[in-house]
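Thanks, everyone. I'd like to walk you through one structure today. Here it is on the screen.

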Amino acid sequence: MKRIAIIGTGYVGLVTGCCLAEMGNQVTCLDIDKEKIDSLRMGGLPFYEPLLRELFDRVTGSHRLFFTNDYLKALAGAELCFLALPTPPGVGDACDTSILLQAARELASLMEAPLIIVIKSTVPMGTSQLVKEVISRELERRKIFIPFDVINNPEFLREGSAVSDCMRPDRIILGGENPVAIAIVRDLYLPLLSDPNKVLVMDSLSAELSKYAANAMLACRLSFMNYLSVLCETAGSDIEMVKRSLGFDERIGPHYLNAGIGFGGSCLPKDLLALRASASEYGLPTHLLDTILQINEEMKERFFDKIQEHFSDLSGKRFALWGLSFKPETDDLRKAPSLYLIQRLLEMGASVQAYDPVAMPKAKILMRNYEGLTFCEDEYEATDGADAILLVTEWKTFRLADFVRIKSMMRSAVIFDGRNIYNGLELRHWGFDYYPVGKPALRTETAR
Ligand code: UGA
């Protein structure tokens with residue numbers, strides 16, 4: 001059992017805290033947001049995440065997870081301190097590490113005993129060194145010597161499967177110099193790993209870059225597939241077939257091959273921008289990263305253009321928008337393609353009836369003043385009097401909808417499937433015009 005402090009209770013901090021507590025450690029999570037901490041103490045979770053509720057209740061109920069605003073309380077007796085703070089885009093899209101560095105300064109001003117500082121936040125190359133310098137300077141200012149180590153340990157959990165990703169990591173990256181500190185952090189993770197060789201020890205610069213490399217590689221696959229989907233639409237080939245043929249190639253593998261209306265979320269877009277800024281700082285060209293980002297933007301525009309082309313005039317048209325979150329199993333709306341679509345449709349004088357199984361409370365706050373946007377009780381209500389359904393997020397509940405009932409409620413039967421989840425032939429059979437991504441559209445008039 002270790003005593004652990006976690007600074008920052010966002011996705012990474014809270015989920016990591018719960019998982020480390022589940023493994024038997026004594027964890028105290030700190031956040032400067034007093035309201036958030038008060039709510040967590042009362043059992044309120046700040047976001048939706050599958051499996052988190054049960055885990056949270058278990059570890060708080062068994063007094064292994066605590067919450068505080070007070071650095072002294074969080075650090076009391078802690079051997080390890082995880083930094084899981086936001087690192088948003090800053091000047092020129094470069095990663096802004098000021099929140100993280102301020103937290104490092106704060107803890108250095110209060111620490112009384114040796115500490116291993118573990119950086120979980122996604123940070124650009126050189127940040128671990130900067131954290132070290134900030135802490136050393138603060139300790140010097142206090143005229144006190146306390147040994148400490150800084151380990152870079154990037155997090156790879158995905159929203160929507162954060163708990164299982166955290167409990168069953170593919171690999172653990174540890175960047176740092178001191179083998180003793182590395183061994184302590186490695187021992188913390190070993191119970192989660194089927195194979196101890198999944199702990200990869202390296203220098204901190206490589207560890208820092210590893211995180212950006214993973215997200216950029218995923219984004220690169222997605223933009224490549226999205227690019228091919230445009231080629232398929234133009235040439236009349238089928239991206240789903242191309243995807244299958246790629247996925248069976250063991251060198252390529254089946255993951256992250258789904259074409260759609262572009263990737264969103266807080267991580268892939270933000271980390272690509274930060275990586276591009278880093279590359280520029282090192283004086284390197286950035287054309288590959290530019291193109292990945294550009295294709296992603298174009299996918300959203302292209303989806304909108306398809307809708308506009310079908311209707312010619314969007315003014316007065318009503319759209320059922322299914323799915324608001326950037327992907328299923330999360331209520332996160334950051335960089336969600338739904339936001340772009342809603343804005344464009346409203347600008348053109350259309351109205352939008354939106355539904356999402358989980359993200360509605362957050363969406364209602366975010367888009368409270370949007371004239372022409374209404375939030376519905378379920379996916380059926382959203383289709384009432386609609387001219388088309390826009391499938392934006394592939395929530396399971398949308399897959400097996402009753403399209404016979406839906407058709408009778410709609411003004412015209414058209415589906416734009418931004419995630420390729422439907423069988424177009426079936427939909428056409430029920431009388432819908434069907435527009436997928438990267439495949440030929442199926443129109444009812446061409447069936448006759
Ligand atoms: C991503 C990474 O997958 C995590 O490993 C990483 O820890 C995290 O960023 C982070 O840096 O914190 P996340 O943003 O939660 O995780 O979501 P993903 O599941 O990776 O999806 C990203 C986007 O890609 C979503 O918009 C999703 O709809 C899209 N996507 C994914 C596709 O369009 N097609 C696919 O085949 C897969």
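I'll take the ligand and its surroundings, then the cysteines.

One thing up front: this is a predicted model.

Let's begin with the ligand. Around the ligand there are 20 residues. Which of them come nearest? Those are Phe156, Leu157, Glu159, Tyr256 and Lys327.

Now the polar contacts. Three involve oxygen atoms of the ligand, and I'll go one by one. Tyr256 uses its side chain: a polar atom there sits 2.5 Å from a ligand oxygen. Phe156 uses its backbone, with a polar atom 2.7 Å from an oxygen of the ligand. Glu159 also contributes a backbone N or O atom, and the distance to a ligand oxygen is 2.8 Å. How much of the ligand does the protein bury? On its own, the ligand exposes 720 Å², and the protein buries 90% of that.

Next, the make-up of the shell. By class, we have 10 nonpolar residues, 7 charged and 3 polar. Two helices each give at least two shell residues: helix 9, spanning 204-235, and helix 11, spanning 268-281. Helix 9 supplies the largest share, with 4 residues.

Last topic: cysteines. How many disulfides are there? The count is 0. Take Cys220. Its nearest cysteine sulfur belongs to Cys232, 17 Å away. A disulfide needs the two sulfur atoms within 2.5 Å, so Cys220 is in none. The same distance, 17 Å, holds from Cys232 back to Cys220, and Cys232 is in no disulfide.

Are these two buried or exposed? Cys220 is partly exposed, at 26% relative accessibility. Cys232 is buried, at 4%.

Terms used: Residues numbered from 1 in each chain as written. Predicted model: local features only at pLDDT ≥ 70, side-chain atom pairs only at ≥ 80, totals over all residues. Heavy atoms only, no water. Near = heavy atom within 4 Å. Polar contact = N/O pair within 3.5 Å; in protein donor to acceptor, adjacent residues only side chain to side chain. Areas by Shrake-Rupley, 256 points an atom, 1.4 Å probe, with all protein chains shown as cover. Nonpolar A, V, L, I, M, F, W, Y, C, P; charged D, E, K, R; others polar. Buried < 20%, exposed > 50% of the residue type's maximum accessible area, 1.4 Å probe, protein only.
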